[in-house]
Amino acid sequence: MPSPASLVSSLILKDVKPVDNTYVFAGKYRADKDTLKKINSLAKSDDPDALAEYMRSLGAVDVDALGTQIVLENAGKTKVRIMGMRVVKECGPPLSGTIFFSIPQGDQLSTTIGYNLDETAPVARSIDENDRWGKAYFATHTVLLEPGEQKVFEIKAKTEEYYCEYRFVMKTLRDRITHEELVDNNGKPFRISALSWHIEDYPHTLRDYSLTGLTAFSDAETVGAGSADHGWIAYGVA
């Protein structure tokens, strides 16, 4: 596929935002002391994006929901209309390796539209300020961009059932000609996983460890040292 700039509009992936600081690995993951120290330091910082980027660099995947900020710019000399945006996804069983769980801080995204990846054919739906999901967004909305004009989409994708890899495909119209443009995570798919079990079913979440490793149905084992004020706990269930 040609690069976005050679098509109808310039697409800029501005940010991939965590909804809550909980991450899962596909298999067992035991961090060394320096890695644990960095994770704990980032968890206490005021920049959740930095923690998310670091966890993803280690191979971890965001849990339950993921926010994506996309900036569209009409780089041409005539008007362009955004007609719709669909998801191309590949989903399977949720990851059940090592889970790094943090007490949820609440969804801070200012979201325009959302996709429920548990649907067979996810539709972009409107989301209000109370995170209520409504009707199909592009059934009643199109976006018209003048030359040089920008539009920011804040998008949330969620799943309660699967591990999914997905990309967005944007449908645009210029001079009566329809184009489709691929939006992904810098050449890679976006990734998200549901939990394969419920955190609240495990009383060990209340243990006062900075970072705790727990193998399935066993006692907790300390694998990191420090304060517990940020609520980090890790479970290894592979």
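**Exercise 1. Find which residues the ring pairs link into a cluster.**

Solution. Ring pairs join Tyr-115, Tyr-166, Phe-168 and Phe-190 into a cluster. Here, rings of Phe, Tyr and Trp (its six-membered ring) pair if their centres lie within 6.5 Å; planes under 30 degrees apart count as stacked, over 60 as edge-to-face and the rest as tilted.

A word on the source: this is a predicted model, where local features need pLDDT of at least 70, side-chain atom pairs count only at pLDDT 80 or more, and totals for chains, interfaces and linings use all residues. Residues are numbered from 1 along each chain as its sequence is written, and side-chain values use heavy atoms, with hydrogens and water left out.

**Exercise 2. Describe how Tyr-137 and Phe-138 pair.**

Solution. Start with the whole structure, where a search finds eight aromatic pairs. Tyr-137 and Phe-138 form an edge-to-face pair, 5.0 Å centre to centre with 85° between the planes. Next, check burial (buried means under 20% relative accessible area, exposed over 50%, partly exposed in between, with a 1.4 Å probe and protein chains only). Tyr-137 has 9% and is therefore buried; Phe-138 has 15%, so Phe-138 is buried as well.

**Exercise 3. Place Ser-193 in its surroundings.**

Solution. First, Ser-193 belongs to strand 14, residues 190-193 (strands are DSSP runs of E, at least two residues, numbered from the N terminus). Then look at exposure: with a relative accessible area of 0%, Ser-193 is buried. Finally, list its contacts (heavy atoms within 4.5 Å): beyond neighbours within four places in sequence, they include Val-24, Asp-62, Pro-94 and Tyr-163. A polar atom of the Ser-193 side chain lies 3.0 Å from the backbone nitrogen of Leu-95.

Note on methods. Helices (H or I, at least four residues) and strands (E, at least two) are DSSP runs, numbered from the N terminus. A polar contact is a pair of N or O atoms within 3.5 Å; within protein, one must be able to donate a hydrogen and the other to accept it, and residues adjacent in sequence count only if both atoms are side-chain atoms.
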